[in-house]
Amino acid sequence: MRTTPPGGRRGRALPAARWGFALTVVASVALGLWGLELYTRDPRHLIELSLLDFVYHDLQLFVLDSSPLEAGGPFPWQLEIARFLAPAATVYALFEAGRAIFAVEWQRRRRRRRHGHAIVVGDTPTATAISAELRSTGRYVVHADTGDAAALHDAGVAGAAVVYACADDRTDSSVNVLTVATASQARRSGKAGPLAVYAHVSDPAYALSLRARHLSQPHVGADFFNIDELAARELVRRDAATFEHGPAHVVIAGLGAFGQAMVVELARMWQLRGRADQLTVTLVDPAAADLAEQLRRRWPAVAESCRLRPMPGHLGDLAGQAVSPPPHRTYLCHEDEDAAVLAALTMTALWHGGPRSLVLRLDRLSRLADAFGSDPASLLDDFEGVLWPVSVGSLIANTVQSDDGTIHEDTYQRLAQSIHHLYLRRSRDRGTHPGETAALVPWEQLDPAYRLANVRQARDIGAKLTRLGCTVAPRTGDGIETADDVQVESLAVTEHERWTDERVRQGWTYGDVRDEHAKTHPSIKPWDQLPESEREKDRDVVRDIPLILADFGLQVVRLPQLAATGVPQPRRA
C-alpha cells in the first residue's frame with residue numbers, strides 16, 4: 001500500500017536528524033575509546049586491555065554496561081561525555097525503530113479515517129497515468145496493489161470519493177469489475193458522500209456488455225471504461241475543430257480496439273455537427289471489409305455519417321497505393337507500434353498534408369512522443385508540424401483533470417448526451433432554431449440544470465424498458481425494437497408526469513409563456529390538457545429509446561420471462 005499526498009511529495013525523515021544521529025554515534029565511539037585508554041592508564045586503575053577489549057567495552061557504553069567502569073571514577077572528561085552520548089544514541093535508535101514498526105499501522109489507521117481521497121488499484125501504465133494526473137490536480141491518492149475487501153478497507157474506502165480499478169485484466173477479465181463491486185458494497189463513513197467507481201476493462205465488447213447490465217441499476221457515478229475508447233474520444237475532442245469546414249477524408253490504418261473506436265468517435269463528431277455530407281473514411285487493415293460491415297451494423301452513427309472505404313492489406317501497403325482524395329488526417333493506429341513508427345518516418349506520401357495531418361498513436365512507445373517537435377530543443381523534427389505523435393497516457397491524463405473529464409462520464413451521463421443530441425435534431429426537424437431557448441444549445445454549453453434533467457431521463461430508461469418487458473444488450477445487427485402505439489401512449493403519459501414532478505421540485509410553475517427566469521412553463525399541467533404538439537414530444541421520448549441506446553452501441557431485446565407474465569411485448573421495426 002502506497003500513499004501519495006497532493007503534489008506527489010512523500011514523507012521523508014529529516015536529513016539533519018539522520019546526520020545528527022550519525023555524528024552522535026561516531027563521537028560516542030571515538031570519545032569512548034579515547035576515554036577508556038586514559039582511564040585504564042590511570043595509576044588508580046591500571047587495567048590491562050587488548051585492542052579488541054577496548055573496542056568491546058567501548059561498544060558496551062551503548063547498553064549501559066561497560067565492565068572497566070565498575071571500578072568507579074574519577075573518569076576522564078572524554079569518557080564522561082561518551083557515557084551519556086552513547087545511551088542517548090541508543091534511546092534515539094530505539095525510538096526510530098519503534099516508529100518504523102508502528103508507522104505502517106499508523107498510516108493504515110490514518111487512511112481509514114481520511115475522506116475525499118482517490119484510490120487507484122493496480123500496478124499498470126493506466127494506473128500510473130491516472131495517479132500522476134490526480135496528484136497534479138492536488139488530489140490525495142492511495143495506491144492499492146489488490147482490490148480485495150481488506151486492501152480497500154486499508155486504503156480508506158469508507159471515506160474515499162472515487163475508486164479507479166486499473167489492474168492488469170488480460171488473464172482475469174473480471175478482476176477490476178470485482179474490485180469496484182467490492183468497493184460499492186463497502187461500509188461507508190457517515191461523513192463520506194457518494195462513492196464513484198470506475199473499472200478498466202481491456203475488452204471493448206465486455207465493457208459494453210457490462211454497461212448494458214448496469215443501465216437499470218441505481219448506482220450513480222460508475223462506469224466500465226476501455227482505455228482505447230477513452231483515448232480515441234479524447235483525441236477526437238482535441239482534433240474536432242479542424243473538421244469545421246469543407247469536405248473531409250481520413251485514413252485509419254490499423255483496426256484494433258483503438259482504430260475501431262476512432263471510427264465511432266469521428267462518426268459521432270460528424271453527426272453532432274449536423275453535416276449533410278458524409279465523412280469519407282478509408283480503412284486499412286487485413287480485415288478491413290469485415291470490420292467495416294460490423295461497424296456499420298453496430299453503430300448507427302457510422303452508417304449514417306461515414307462513407308467507409310475498406311482497403312484490405314497491411315500498413316505498408318499505404319506506400320504503394322494512392323489514396324484519393326488526399327486525406328485530411330491519417331491516423332496510424334496499428335497495434336504493432338514499431339511498424340507504425342517506421343511507416344510514419346519512411347512513407348513520404350503521408351507527409352503532404354497540413355499541420356498535424358499525420359497522427360501517430362503510441363502506447364508502449366509513448367515516451368517517443370516527446371522526442372519529436374519543431375523547436376530546436378527537440379531531438380527529432382516532426383516534418384514541420386505534419387507529424388503529431390500522441391501517447392495514450394497523455395490522452396488518458398487529460399480525462400481525469402476534473403470531474404468533467406471523459407473518464408468521469410458514467411453510463412447515464414453519456415446516455416444523457418445522446419438524449420440531448422437527439423432532442424436537438426428533433427427540434428431542428430420541427431423548424432426550431434438553435435439558441436431559441438436555453439435548452440436548444442450544444443451539450444457543452446448546456447446549463448447544469450438541463451444536463452441533470454437529461455441524466456434523470458436517462459436513469460428512467462431502465463424502468464420504461466421493464467414496463468415493456470424488455471432489457472438491453474450490445475447491438476448485433478441493425479434491427480431496433482419499438483413499442484406499439486398503446487405502449488407508447490402509456491409510457492408517454494408516465495414520462496410527462498415524471499417531467500412535471502421534476503420541474504415542480506425545481507421551483508417551476510405553470511405559465512402561459514415559457515420564462516427561464518420566472519420559471520414558468522405552459523406544459524406544466526395534466527396530460528389531457530396538453531396540446532397535441534406537446535404530447536408528441538413525450539411520445540418521442542419513448543420512441544427514441546432504441547435510437548438513444550443504438551448510439552451507445554446497445555439494442556432493446558425482449559425478456560421471455562416477462563412475456564409469460566402478460567407484459568405487452570414490443571415489435572421489431
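**Exercise 1. Describe the place of arginine 361 in this predicted model, and find which residues it touches.**

Solution. Begin with the secondary structure: arginine 361 lies in strand E11, which spans residues 358-362. Next, consider its accessibility: the relative accessible area of arginine 361 is 8%, and because buried means under 20%, this residue counts as buried. Then list its neighbours, leaving out residues up to four places away in sequence: arginine 361 touches Asp228, Phe258, Leu332, Cys333, His334, Glu337, Val390 and Val392. With one of these, aspartate 228, the side chain of arginine 361 makes a polar contact of 3.0 Å.

**Exercise 2. Which strand pairs with E11, and how is that partner strand covered on its faces?**

Solution. The partner of E11 is E12, and the two strands run parallel, with five bridges between them. One such position is valine 359, whose bridge partner in E12 is tryptophan 388. Now look at strand E12 itself, residues 387-391, where five of its five residues are buried. To see how they are arranged, recall that in a regular strand the side chains alternate between the two faces of the sheet. In E12, Leu387, Pro389 and Ser391 are on one side and Trp388 and Val390 on the other, so that both faces are covered.

**Exercise 3. Work out which residues of strand E6 point each way, and which strand E6 is joined to.**

Solution. From strand E6, residues 222-225, Ala222 and Phe224 point one way while Asp223 and Phe225 point the other way, and all of them are buried. Strand E5, residues 196-200, is joined to E6 by four bridges, and these two strands run parallel. Within this pairing, valine 197 stands opposite alanine 222 of E6.

**Exercise 4. Explain why the buried residues of helix H10 line one face of the helix, and name what covers them.**

Solution. First identify the residues: in helix H10, residues 288-298, Ala288, Leu291, Ala292 and Leu295 are buried. Seen down the axis of H10, the buried residues fall within an arc of 105 degrees, and therefore they line one face of the helix. Their cover includes helix H9 (257-272), strand E8 (279-285), helix H11 (300-305) and strand E9 (306-312).

**Exercise 5. Compare three salt bridges by the places of their partners and by whether each partner is buried or exposed.**

Solution. Take first the salt bridge between aspartate 239 and arginine 329, whose closest N and O atoms are 2.8 Å apart. Aspartate 239 lies in helix H8 (residues 227-239) and arginine 329 in strand E10 (residues 329-332), so the pair ties together parts that are 90 residues apart in sequence. Aspartate 239 is buried at a relative accessible area of 3%, and arginine 329 is buried at 5%.

The second salt bridge joins the side chains of arginine 364 and aspartate 338, at 2.7 Å from N to O. Since arginine 364 lies in the loop between E11 and E12 and aspartate 338 in helix H12 (residues 337-346), this pair ties together parts that are 26 residues apart in sequence. Here arginine 364 is exposed at 55% relative accessibility, and aspartate 338 is partly exposed at 46%.

The third salt bridge joins arginine 539 and glutamate 536, at 2.9 Å from N to O. Both residues lie in helix H18 (residues 532-543), three residues apart, which is about one turn of the helix. Arginine 539 is buried at 8%, whereas glutamate 536 is partly exposed at 28%.

Conventions. Residues numbered from 1 in each chain as written. Predicted model: local features only at pLDDT ≥ 70, side-chain atom pairs only at ≥ 80, totals over all residues. Heavy atoms only, no water. Buried < 20%, exposed > 50% of the residue type's maximum accessible area, 1.4 Å probe, protein only. Polar contact = N/O pair within 3.5 Å; in protein donor to acceptor, adjacent residues only side chain to side chain. Contact = heavy atoms within 4.5 Å. Pairing = 2+ DSSP bridges. Arc of directions from axis to C-beta. Salt bridge = Lys/Arg side-chain N within 4 Å of Asp/Glu carboxyl O.
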